[in-house]
Amino acid sequence: MARIEIDESRCKGCGICTIACPKKLITLCDKVNIQGYTPAEALNQEQCTGCALCAEICPDVAIIVFK
Amino acid sequence: MQQVFKRPQSLKDVQTHFCPGCNHGTIHRLVADALDLFGVQQTTIGVASVGCSVFLYGYFDVDVVEAPHGRAPAVATGVKRARPDRFVFTYQGDGDLAAIGTSEIIHAANRGEDITVIFVNNTTYGMTGGQMAPTTLVGQKTSTSPYGRNKAKDGSPIRMAELLAQLGGVAFSARVAVDSPKHLMDAKKQIREAFRFQVEGKGFSFVEVLSSCPTNWGVTPLEGNARVGAEMIPYFPLGIFKNQGNP
Amino acid sequence: MSKRLFVKGNEAAAMGAVEAGCRYYFGYPITPQSDIPEYLSREFPKLSGEFIQAESEVASINMLLGASACGVRAMTSSSSPGISLKQEGISYMAGAELPGVIINISRSGPGLGGIDASQADYFQSVKGGGHGGYHIPVLAPNSVQEMYDLTMHAFDLADLYRTPVMLLGDSVVGQMKEALVPNPRPVRDLPEKGWAVRGKGGAEQRVVKSLFLGDGELEAHNWRLHAKYQQMKEKECLSEEHDTADAALLVTAFGSLSRIAHTAVTMAREAGLKVGLFRPITLFPFPERALAEAAGRAGKVLVLELNTGQMVEDVRLSVGAGVQVSFYGRPPGAGSLPSPEELFEVIKKHYVQAPN
């Protein structure tokens with residue numbers, strides 16, 4: 001059991017995490033954040049392994065990981 | 001459940017000015033991670049360069065001296081000679097290090113100054129709006145090479161990691177990338193390795209990090225990272241070109 | 001009481017730096033100042049100092065910037081073409097308010113020019129030199145003793161005002177040998193360097209920089225620098241006068257030429273002419289008030305320079321409209337150093353007739 005938290009306000013919606021995630025659990029959402037970007041979200045995290053690759057590669061250090 | 005990934009302590013909890021998908025943010029975090037790992041945050045003096053990397057002091061919670069364009073290795077030399085007990089690193093882009101600052105980097109490296117240089121190669125001048133850099137690939141269009149870099153007139157892109165590896169004063173020289181999780185984890189390792197050289201007093205260490213510049217390349221962040229893998233790595237091979245510290 | 005030594009001006013400057021506590025030197029060879037790095041490359045290792053012969057003038061001024069940012073007393077030295085290369089770093093140091101001493105044993109130009117005594121770099125030294133509209137204190141020694149004393153003074157000024165300071169000489173004061181009394185460094189009350197980078201050590205982050213992008217930030221910074229220059233003008237002007245009390249003609253010259261001018265003024269006095277000599281020692285801040293007073297008494301000023309007229313502009317600004325200012329100069333080059341007799345003739349000419 002693992003999970004991630006995405007700081008929506010820091011995310012610039014680059015989407016790099018969406019392809020870094022081996023389980024493809026992250027997508028960009030439709031709503032616009034305070035910076036004007038569409039941030040990443042991970043609505044269904046049941047398969048998250050806590051590998052932290054999304055967090056490692058995030059240029060904005062907007063993801064933290066729990067395991 | 002425990003938190004297994006968090007922001008490094010050496011990295012300030014602030015929003016960066018970097019464009020979406022720019023690899024600078026990732027590279028900043030890897031450098032901060034290494035500062036934390038070796039516990040040198042409180043004894044570090046960073047040297048900022050000119051370009052997108054100029055706001056080093058805004059993001060790293062360490063003391064920082066700002067250097068003129070290209071002169072960071074000379075400034076770092078002065079810092080390290082004055083405070084040899086401090087951890088000293090520069091963080092420079094390709095225009096800064098491989099064009100205007102070529103003399104300073106080569107001679108700081110050749111003297112074997114006990115400093116660490118993080119060199120971000122994104123094949124363009126980012127801050128000034130995407131002009132041709134010494135690392136711009138042949139054929140690559142930039143705002144000052146609108147027909148593509150012409151090898152006959154502009155020369156070939158400089159491979160700094162290999163060039164510096166030839167110098168006697170260099171103890172460690174590597175090229176890494178952060179375009180994919182696999183490359184990123186290796187980049188983390190090599191940046192840590194470079195820092196270890198200085199922490200152990202083993203001499204000049206250098207890590208070239210291939211980086212995307214989606215804004216000036218005119219591509220999306222994902223396309224940018226893909227270009228690093230597809231176009232940059234074939235010309236700028238990843239690897240360790242010198243390692244004089246490991247058994 | 002210190003003993004008397006017989007040394008070159010360049011060596012005296014290097015000795016002054018050592019006495020001032022400087023232990024960091026970064027430089028690049030260039031005639032006619034190479035005695036300075038040669039001396040320090042010999043002496044610093046004995047004093048646990050750091051000497052680097054850098055790859056360029058550009059690198060040396062930036063090494064100085066880095067060392068100075070750490071709060072240590074550091075210096076570089078060069079000559080005119082090399083000083084041109086250092087201007088970028090000097091501007092950055094002025095912007096970041098970093099102390100540091102730059103010895104300029106200047107030579108003739110423009111371009112590669114020659115190695116002869118020259119005062120053609122007055123403008124470059126006192127009017128900024130690099131970009132951005134800054135000033136640095138400029139000291140102009142005219143003897144071996146002053147090469148020593150003013151180098152020590154330069155380090156104090158640098159720390160006092162957090163600014164680069166230039167010692168401006170030429171091959172005459174750099175290469176000649178004279179008696180030197182190596183006095184101990186004067187004790188001065190200097191501020192703590194609470195701005196120097198040191199590694200945070202758990203305290204507040206320190207940043208040494210000259211980039212100010214916030215709204216109004218750079219303007220405020222420049223006003224603060226301006227206030228500092230005004231303070232220098234109030235407190236740090238240095239000059240020397242000979243026979244000015246009753247002078248009807250005030251000769252003004254600095255550095256090497258002031259020595260020849262002094263001899264010519266003495267010749268004029270022996271010939272019964274009421275001539276005095278005013279010698280600015282600080283070129284920035286320019287000793288405006290002292291000069292205005294002496295010039296006001298004489299009513300007539302003759303400016304002598306080893307160039308085609310640079311300091312004369314500051315003299316005109318200082319003395320105002322009521323005083324006649326004339327100029328005699330020789331552009332630098334081999335054989336252009338005037339003799340005392342030549343200057344005596346010039347003085348005689350300007351003494352009798354209204355100059356123009």
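**Notebook: chain contacts and chain C**

I began with two helices: α9(C) passes α12(C) in a right-handed crossing. A crossing is left-handed if the near helix is turned anticlockwise from the far one by less than a right angle, and right-handed if clockwise. I note that this is a predicted model, where local features need pLDDT of at least 70, side-chain atom pairs count only at pLDDT 80 or more, and totals for chains, interfaces and linings use all residues. Residues are numbered from 1 along each chain as its sequence is written, while chains are lettered from A and ligands numbered from 1 in the order in which they are written.

**The helix pair**

I looked up the extents. α9(C) covers residues 255-270 and α12(C) covers residues 340-352. Helices (H or I, at least four residues) and strands (E, at least two) are DSSP runs, numbered from the N terminus. The two axes come within 8 Å and cross at roughly 55°. Axes are lines fitted to C-alpha atoms, for helices over the stretch in contact, with angles from 0 to 180 degrees between N-to-C directions. α9(C) and α12(C) are therefore oblique to each other. The scale: under 35 degrees is roughly parallel, over 145 roughly antiparallel, 65 to 115 roughly perpendicular, and the rest oblique.

Next I listed the residues that meet. α9(C) brings Ile260(C), Ala261(C), Thr263(C), Ala264(C), Met267(C) and Ala268(C). α12(C) answers with Pro340(C), Leu343(C), Phe344(C) and Ile347(C). By class, this contact has 9 nonpolar, 1 polar and no charged residues. Ala, Val, Leu, Ile, Met, Phe, Trp, Tyr, Cys and Pro count as nonpolar, Asp, Glu, Lys and Arg as charged, and the others, Gly among them, as polar.

**Which chains touch**

I checked the chain pairs, with contact meaning C-beta atoms, placed from the backbone, within 7 Å. Of the 2 pairs of chains that touch, B and C have the most contacts. Chains A and C do not touch, and their nearest C-alpha atoms are 20 Å apart.

For chains B and C, I recorded 34 residues from chain C and 28 from chain B. On the chain C side, β2 (24-27), β3 (50-53), α3 (57-69), α4 (80-96) and β9 (207-208) each give two or more residues. The largest share of that side, 9 residues, comes from α3(C). That side divides into 18 nonpolar, 9 polar and 7 charged residues. A strand pair also spans these chains: β3(B), residues 63-66, runs parallel to β9(C) with 2 bridges. Strands pair if DSSP finds at least two bridges between them. Val65(B) has Val208(C) as its bridge partner.

For chains A and B, I recorded 24 residues from chain B and 23 from chain A. The chain B side draws two or more residues from each of β1 (3-5), α1 (24-37), α8 (181-199) and α10 (221-235). That side holds 12 nonpolar, 9 polar and 3 charged residues. Here β4(A), residues 63-66, runs antiparallel to β1(B) over 2 bridges. Phe66(A) stands opposite Gln3(B).

**The sheet of chain C**

I traced an open sheet of 7 strands in the order β3-β2-β4-β5-β7-β6-β13, with mixed pairing. β3(C) and β13(C), residues 282-284, are the edges; each has a single partner strand, so one side of each lacks a neighbour in the sheet. Further in, β5(C) (100-106) and β7(C) (164-170) run parallel, joined by 7 bridges. Asn104(C) pairs with Leu168(C) there.

I then picked Ser78(C), in β4(C) (74-78). Ser78(C) is buried, with 27 other C-beta atoms within 10 Å. Buried means 20 or more other C-beta atoms within 10 Å, exposed 12 or fewer, and partly exposed in between; C-beta atoms are placed from the backbone. Beyond its neighbours within four places in sequence, its contacts include Gly27(C), Tyr28(C), Glu57(C) and Asn104(C). Its C-alpha atom is 9.3 Å from that of Pro37(C), 41 residues away along the chain.

**Two enclosed elements**

I found 10 of the 11 residues of α1(C) (9-19) buried, so this helix is largely enclosed by the rest of the structure. Among them are Asn10(C), Glu11(C) and Met15(C). Gly21(C) follows the helix and has a positive phi, near 95°.

In β2(B) (44-48), 5 of the 5 residues are buried. Both faces are covered: Thr44(B), Gly46(B) and Ala48(B) on one side, Ile45(B) and Val47(B) on the other. β2(B) pairs in the parallel sense with β4(B) (87-93) over 5 bridges, and with β3(B) over 4 bridges. Val47(B) stands opposite Thr90(B), and Gly46(B) opposite Val64(B).
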